[in-house]
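Hi,

Here is the structure I promised to pass on. Have a look at it first, and then read on for what turned up.

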Amino acid sequence: MHAPTLVAWLNYLLPFFYFICTYGYGRYFFRRDRTSEKWITPALYVTCAIHLLQVVMFGVVKSHFPLATVSEATGVLVLGTLCIYLGVECHLQVKTIGYFVLVPLFFLQLFASAFLKFPTEIPEILQNPLFILHAASAVFGCSALIVSAIASLLYLLLFYEVKRNRFGVLYNRLPALNILQNMNYRSALMGWLFLTIGLVVGIVWIKTAALKMSPFDLKSLISYAVWGIYALEIVGCKLWKWSGKRLAYLSLAGFAIVIFSLLGVNLLSSFHNFK
Amino acid sequence: MIHRQEVFLLGINHRMAAVDIREKLAYKPAEALAALPLLKRQPGIQEAAILSTCNRTEIYVVADTSRDLVKKSFFDFLSLSGKEVSDENLCYFFEEEEAAAHLFRVASGMDSMILGEPQILGQVKDAYHLAMQAQSLAGILDRLFNYAFVTGKKVRSQTALCEGAVTVAHAAVELAQKIFGDLATHKTLLIGAGEMSELVASHLQDKGVAALYIANRTFEKAEKLAQRFHGEALPFADILGKLAAVDIVIGATSATEFILTRQNMVKPLLSRPAQPLFLIDISVPRNFDPRINELDNIFVHDIDALKQIVESNLAARREEIPKAEALIAGELQQFVKWHNSLEVAPTIAALREKMEHICETELEKCQSSLNEKEFKKVSTIARSIVNKILHTPTLRLKEYTQQPDGNGVFKVDIVRELFGLGDNSPAHEEAVKKI
């Protein structure tokens, strides 16, 4: 089989793999299904390996890092999120939040697979190693922030369930508040580190490429704001021992701005506003 | 009439009889050890085991006699061992599959007063070891108990029948774990030194809580409890001062007014880091003002909330019953299959013995006319023919034991008659033991 055909096949198979994993994690969460508990993590590793193969092969076949289009970037974002989630699951040995991570990933991958194109012309900018590092760091940063936002959302849901004496499925199946707080903090820290790398590399790249960026480049301003919010969360947690609830709200606020930046700004203009 | 060896059970449990009746039939381990040989001496009884816990006394035997005789032997044994049964109707009597299924349910915690309670499997194991010690177990009961252990373990590992707290004290600790996760890094203040405090302290100790402070109006009582659970006793007046240093506060006193109110909590909270504080009130009347829950990062739960958790966990356990029943049915099928296979073992052994005897006799007849090498060759061929002839009938005989309605037994009888195998000989009994 030719490499491009294989890439296309893998691309169409990926949503199916994500669906199977989502279904398994759902069964485990809602029905406490012990059989699903056994196969879901290996299935997720297989999905991750296939996705990685697809991304690498696509890059090799097309000779560029797969960030040229929104669907390519979405695919990489999904893969990054999956890798970070697998790391968290492996570290904390908690599988019950997998369902909440996989539902958005399934839909994102469905979008990425449905709209994946094979561009004939690759912008010159995508051949620049500094730009690749800048964009890849930003995407992996977003991946970590997705996990952080999901952990925060679940933290708040469980927090209010317990506070209001409601002991339903979330109480029974979610891990302890402390674990969710830990998950939020670690993913936020990872996301913040990637964002920092992305921002620094971005600045260096602009300088070396002698590009002039508008001081009102909305994307950059938003990126600085997001970086500041997560920096505040990390400092607040480490130095001022802020509570899990405050950290969760900060994570969600930061993530809401990321979403606005990805959807709103990109729809209104291009990625960056150069003079 | 020859009866096959079957499992019988006579028992009394919490569903059938009140504690004053149950306690009269209870066997302490030493008593059971002494009683088992006596039970084994009853007519027709070959194997015996006694399971005696606070909720049940069950006597399992393997006997090759009639149901009525076994029942009589059970009651004779109870009288001989000094146990009194006021009303025989309070006891249940099961045989064969029903008895095995009952033991599997017991070992899985399905028949316990609190569904899925974990201690019962250990108690079944104790009963087994006691019977081993008394040498009252042989093939069938030994195998039955081992199937019961496997069933109990499977139900525990493959279903959620034993998950979640089902007592108020345990639910309080489980709720604390839902907030803090591992309690090993969290400190607890226990207000009160009564029975409920003891239970909570015991659960906290099991979870490895970092530090346990106990405050009580009577300081000596607090000291006593603290000593028992390796905690630290506090004067009652120091409660508010300690709030900054602890993460969990459990109130279990008989005080008629609030010990902690919204007003007196404000000042200690200022000196606390912005971390959650968890207050569990298991007293009636309540010890903690419910309005404290309005404060940020503080969780206040009373006994009703804990009961709600217990109810929810019990409901979740009940939902697991079909899964557990399916596992029990699977293991029961395995046991019945194995037990039925014993029935045909003497016939297979007799058939083989007869064929081999014919083979040996015929070989002896021709031995003189053959040299050693030729005789060896002919012997090998003859034995191989016997094995090949017997292969299919052996398989068929084993299959007959799985047939319902006694049809298989009838076919086995025909085989015995056809080959003139007669009744079970000591050699056949030995074959059963080997299986």
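How many salt bridges does the rule find across the interface of chain A and chain B? There are 3 of them. Before I go further, please keep in mind that this is a predicted model, and every value below is computed from it.

One of those salt bridges is easy to look up: A:R34 pairs with B:E163, and their closest N and O atoms sit 2.2 Å apart. Polar contacts also link the two chains, with 18 residue pairs counted between chain A and chain B, both residues at pLDDT 80 or more. On the chain A side, at least two residues each come from α5 (129–163), α6 (169–173) and α7 (177–208). Of these, α5(A) gives the largest share, with 4 residues. Sorted by class, the chain A side that touches chain B holds 10 nonpolar, 7 charged and 4 polar residues.

As for the extent of that interface, 21 residues on chain A are in contact with 32 on chain B. Putting the chains together buries about 2,200 Å², and carbon and sulfur atoms make up 46% of that area.

Now for the inside of chain A. The domain assignment splits chain A into domain 1 (1–122) and domain 2 (128–275). Taken over C-alpha atoms, the centres of these two domains of chain A are 21 Å apart. In terms of contacts, 22 residues of domain 1 of chain A meet 23 residues of domain 2 of chain A. The area buried between the two domains of chain A is about 2,100 Å², and here carbon and sulfur atoms give 83%.

What about charges and polar pairs there? The rule finds 0 salt bridges between domain 1 and domain 2 of chain A, while 6 residue pairs are in polar contact, both residues at pLDDT 80 or more. If you want to see which helices are involved on the domain 1 side, go to α1 (3–31), α3 (70–92) and α4 (98–114) of chain A, each of which supplies at least two residues. The largest share is from α3(A), with 10 residues. The class split for that side of domain 1 of chain A is 17 nonpolar, 4 polar and 1 charged.

Chain B has its own division: domain 1 (6–161), domain 2 (168–312) and domain 3 (344–434). Between the centres of domain 1 and domain 3 of chain B there are 39 Å, again over C-alpha atoms.

One residue in chain B that I'd zoom in on is B:N216, in strand β6 (residues 211–216). Is B:N216 buried or exposed? The relative accessible area of B:N216 is 12%, under the 20% cut-off, so B:N216 counts as buried. The side chain of B:N216 has polar partners on the backbone: a polar atom of that side chain lies 3.2 Å from the backbone nitrogen of B:A193, and one lies 3.1 Å from the backbone oxygen of B:T218. Leaving out residues up to four places away in sequence, B:N216 touches B:G192, B:A193, B:K221, B:A222, B:L234 and B:F236. So that you can find the spot quickly, B:A193 is a handy one to select, as B:A193 is both a contact of B:N216 and the residue whose backbone nitrogen lies 3.2 Å from a polar atom of the B:N216 side chain.

Over to you!

Technical notes: Residues numbered from 1 in each chain as written. Chains lettered and ligands numbered in written order. Predicted model: local features only at pLDDT ≥ 70, side-chain atom pairs only at ≥ 80, totals over all residues. Heavy atoms only, no water. Contact = heavy atoms within 4.5 Å. Buried area = accessible area lost by both parts, 1.4 Å probe. Salt bridge = Lys/Arg side-chain N within 4 Å of Asp/Glu carboxyl O. Polar contact = N/O pair within 3.5 Å; in protein donor to acceptor, adjacent residues only side chain to side chain. Nonpolar A, V, L, I, M, F, W, Y, C, P; charged D, E, K, R; others polar. Domains from an automatic or database assignment. Buried < 20%, exposed > 50% of the residue type's maximum accessible area, 1.4 Å probe, protein only.
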